[in-house]
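Me: I am new to this structure. Please choose one residue, look closely at what surrounds it, and then work outward from there to the rest of the chain.

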Amino acid sequence: MLVGAGLRIVHATLHESVRCALERLSPELVIRATKAGLRACEMLGDPDPTVALFGINPHASEGGLFGPEDGEVTIAAAAILRAEGIAIEGPAGADMLLSQRRHRLYVAMLHDQGHIPIKLLAPKAASALSIGAQVLLSSVGHGSAMDIAGRGVASPQALLRTIALLSGASEEAQA
């Protein structure tokens, strides 16, 4: 899960080609990612966040106009989550959901759906959390920055924000 600029975005898939991600996406994978995101939010002191689910295709396939993937995956996952009592908006287009900024947790289907908004709005200031375990594991959202290691140009801000996030400081206080 990436955290930054007031956004929390959990990913159903990460570092793989779009083709492989589409082959792996299933309602079960989306449900697991959503539930892991909800547990992480609770661990961060937000026990009941509002949740938005991104579609796979533009406009979440617009009723099948852009393909069957959302009907088979995200719409099915959202129905199961709702049946379990989880209030979730979507699936809908990531652009529309993010532009409204009404939710505390967003569930992205693909790497770039989640990474682009975080890195655009919180450049070099995001936190990356490995979620799904009993503890949150973290690093900075931009990775190890091996391209600038040892050059004396790295900023500690992302690391300091990540430490503050895990120590219980509100995300607003970190800004």
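Reply: T34 touches V51, L81, I88, L105 and V107, not counting residues up to four places away in sequence. The model is predicted, and everything below describes that model. T34 lies in helix α2. Its relative accessibility is 0%, so T34 counts as buried, the limit for that class being under 20%.

One of the residues touched by T34, L81, leads to the packing of two helices. Helix α2 covers residues 27-43 and helix α4 covers residues 74-83; their axes are 8 Å apart and meet at an angle of about 50°. That angle makes α2 oblique to α4. The crossing of α2 past α4 is right-handed. On the α2 side, the contact is made by P27, V30, I31, T34 and K35. On the α4 side, A76, A77, I80 and L81 take part. By class, this contact has seven nonpolar residues, one polar and one charged. T34 is the polar one and K35 the charged one, because Thr is outside the nonpolar and charged lists while Lys is in the charged list.

Helix α4 has a threonine of its own to look at. T74 lies in α4, and at 0% relative accessibility T74 counts as buried. Its contacts, leaving aside neighbours within four places in sequence, are L53, F54, G55, I56, E69, P91 and M109.

P91, in that list of contacts of T74, lies in strand β4. The peptide bond from G90 to P91 is cis, with omega near 10°.

Strand β4 (residues 88-92) also holds E89, which is paired with R102 in the loop between α5 (94-100) and β5 (105-108). What kind of pair do R102 and E89 form? R102 forms a salt bridge with E89, and the closest N and O atoms are 2.4 Å apart. In general, side chains of opposite charge can pair when their charged atoms come close. The two partners are 13 residues apart and link distant parts of the chain. R102 has a relative accessibility of 49%, so R102 counts as partly exposed. E89, at 23%, counts as partly exposed too.

The loop that holds R102 also contains R101. R101 is not a glycine, yet R101 has a positive phi of about 50°. At 40% relative accessibility, R101 counts as partly exposed. Another positive phi is found at A5, near 55°, again in a residue other than glycine. A5 sits in the loop between β1 and β2 and, at 26% relative accessibility, counts as partly exposed.

A search of the whole structure finds five salt bridges. One of them joins the side chains of D46 and R8, at 2.8 Å from N to O. D46 is in the loop between α2 and β3 (51-54), and R8 is in strand β2 (residues 7-11), 38 residues away along the chain. Are D46 and R8 buried or exposed? Both are buried. Another salt bridge joins E16 and R24, with the closest N and O atoms 2.8 Å apart. E16, at 27% relative accessibility, counts as partly exposed, and R24, at 43%, is partly exposed as well.

Strand β2, where R8 is found, also contains L7. At 1% relative accessibility, L7 counts as buried. The C-alpha atoms of L7 and P58 are separated by 21 Å, with their positions 51 residues apart along the chain.

β2 is also among the elements that cover the buried residues of α6, together with β1 (2-4), β3, α5 and β5. Helix α6 spans residues 111-121, and its buried residues are Q113, G114, H115, P117 and I118. H111 lies in this helix. Leaving aside neighbours within four places in sequence, H111 is in contact with H11, T13, L14 and H15. H111 and H15 are 96 residues apart in sequence, while their C-alpha atoms are 6.5 Å apart in space.

To return to the starting point, T34 is buried at 0% relative accessibility and is one of the α2 residues that make the contact with α4.

Notes:
Residues are numbered from 1 along each chain as its sequence is written. This is a predicted model: local features need pLDDT of at least 70, side-chain atom pairs count only at pLDDT 80 or more; totals for chains, interfaces and linings use all residues. Side-chain values use heavy atoms; hydrogens and water are left out. Axes are lines fitted to C-alpha atoms, for helices over the stretch in contact, and angles run from 0 to 180 degrees between N-to-C directions. Helices (H or I, at least four residues) and strands (E, at least two) are DSSP runs, numbered from the N terminus. Angles under 35 degrees count as roughly parallel, over 145 as roughly antiparallel, 65 to 115 as roughly perpendicular and the rest as oblique. A crossing is left-handed if the near helix is turned anticlockwise from the far one by less than a right angle, and right-handed if clockwise. Contact means heavy atoms within 4.5 Å. A salt bridge is a side-chain nitrogen of Lys or Arg within 4 Å of a carboxyl oxygen of Asp or Glu. Buried means under 20% relative accessible area, exposed over 50%, partly exposed in between (1.4 Å probe, protein chains only).
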